[in-house]
Amino acid sequence: MGRTNPTYRDFLRRLEDDWRPFRRGLRRRYQDDFDRLFERARGHADAAGYANGTDPEFAFLLSVLLAQERELRELREEVDGVGHEGLSEDGIGDQSEDGGFTAERSGRD
């Protein structure tokens with residue numbers, strides 16, 4: 001990509017423009033989520049451009065997946081930092097000897 005081929009950033013702009021009718025068709029509450037996909041892809045544009053692959057759509061998907069994986073890791077670290085005494089690894093309370101649970105899943109009433 002570059003002199004003879006459009007850059008990855010050019011590709012992203014064109015792809016976003018091509019999908020604008022789809023965005024308009026989304027409910028308002030999902031339009032920001034759609035925009036965030038492209039923000040995430042732009043966040044990894046340097047790496048995607050450096051890879052100079054023949055399929056920039058794959059680089060777009062990989063960039064979005066990488067950003068989501070990073071966000072999941074950060075959320076897991078945040079949850080681990082809060083400390084959930086009495087919760088097992090799956091987030092469900094440990095069962096006590098009488099069959100009850102010692103703690104309930106965070107956020108459930």
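In the predicted model, helix 1 (residues 8-18) and helix 3 (residues 28-43) pack with their axes coming within 10 Å and crossing at roughly 175 degrees. Because angles over 145 degrees count as roughly antiparallel, helix 1 and helix 3 are described as roughly antiparallel to each other. On the side of helix 1 the contact involves Tyr8, Arg9, Leu12, Leu15 and Glu16, and these residues meet Phe38, Ala41 and Arg42 of helix 3. By class, the residues of this contact comprise five nonpolar and three charged, with no polar residue among them.

The pairing of helix 1 with helix 3 belongs to a chain that has five helices and zero strands, its elements running α-α-α-α-α from the N terminus on. Of the 109 residues in the chain, 23% are buried. Among the contacts in the chain with a separation of 6 or more, 38% are accounted for by residues 24 or more positions apart. The accessible surface of the chain comes to about 8,800 Å², and carbon and sulfur atoms contribute 49% of that surface.

Within helix 1, the buried residues are Tyr8, Phe11, Leu12, Leu15 and Glu16. They lie on the same side of helix 1, because the arc that they cover around the axis is only 130 degrees. An α-helix has 3.6 residues a turn, so residues three or four places apart point the same way. The cover over the buried residues of helix 1 includes helix 2 (20-25), helix 3, helix 4 (45-51) and helix 5 (56-82).

The contact of helix 1 with helix 5 has another geometry, in which the axes come within 10 Å and cross at roughly 85 degrees; helix 1 and helix 5 are therefore roughly perpendicular to each other. In this contact Tyr8, Phe11, Leu12 and Leu15 of helix 1 meet Pro56, Glu57, Ala59, Phe60 and Ser63 of helix 5. The residues of the contact of helix 1 with helix 5 divide into seven nonpolar, one polar and one charged. Tyr8, Leu12 and Leu15 of helix 1 thus take part in the contact with helix 3 and also in the contact with helix 5.

Helix 3 and helix 5 are themselves in contact, with axes that come within 8 Å and cross at roughly 95 degrees. Since an angle of 65 to 115 degrees counts as roughly perpendicular, this description applies to helix 3 and helix 5. Helix 3 contributes Leu37, Phe38, Arg40 and Ala41 to the contact, whereas helix 5 contributes Phe60, Ser63, Val64, Ala67, Gln68 and Glu71. Six nonpolar, two polar and two charged residues make up the contact of helix 3 with helix 5. Phe38 and Ala41 of helix 3 appear in this contact as well as in the contact with helix 1.

Two further residues lie in the remaining helices. Phe22 has its place in helix 2 and counts as partly exposed, at 44% relative accessibility. Although twelve residues separate Phe22 from Phe34 along the chain, the distance between their C-alpha atoms is 9.5 Å. Asp46, which lies in helix 4, is exposed, with a relative accessible area of 60%. In sequence Asp46 and Arg9 are 37 residues apart, while in space they are 8.8 Å apart, C-alpha to C-alpha. Arg9 is one of the residues with which helix 1 meets helix 3.

Methods
Residues numbered from 1 in each chain as written. Predicted model: local features only at pLDDT ≥ 70, side-chain atom pairs only at ≥ 80, totals over all residues. Heavy atoms only, no water. Axes fitted to C-alpha atoms, helices over the stretch in contact; angles between N-to-C directions. Helix = DSSP H or I, 4+ residues; strand = E, 2+ residues; numbered from the N terminus. Parallel < 35°, antiparallel > 145°, perpendicular 65-115°, else oblique. Contact = heavy atoms within 4.5 Å. Nonpolar A, V, L, I, M, F, W, Y, C, P; charged D, E, K, R; others polar. Buried < 20%, exposed > 50% of the residue type's maximum accessible area, 1.4 Å probe, protein only. Areas by Shrake-Rupley, 256 points an atom, 1.4 Å probe, with all protein chains shown as cover. Arc of directions from axis to C-beta.
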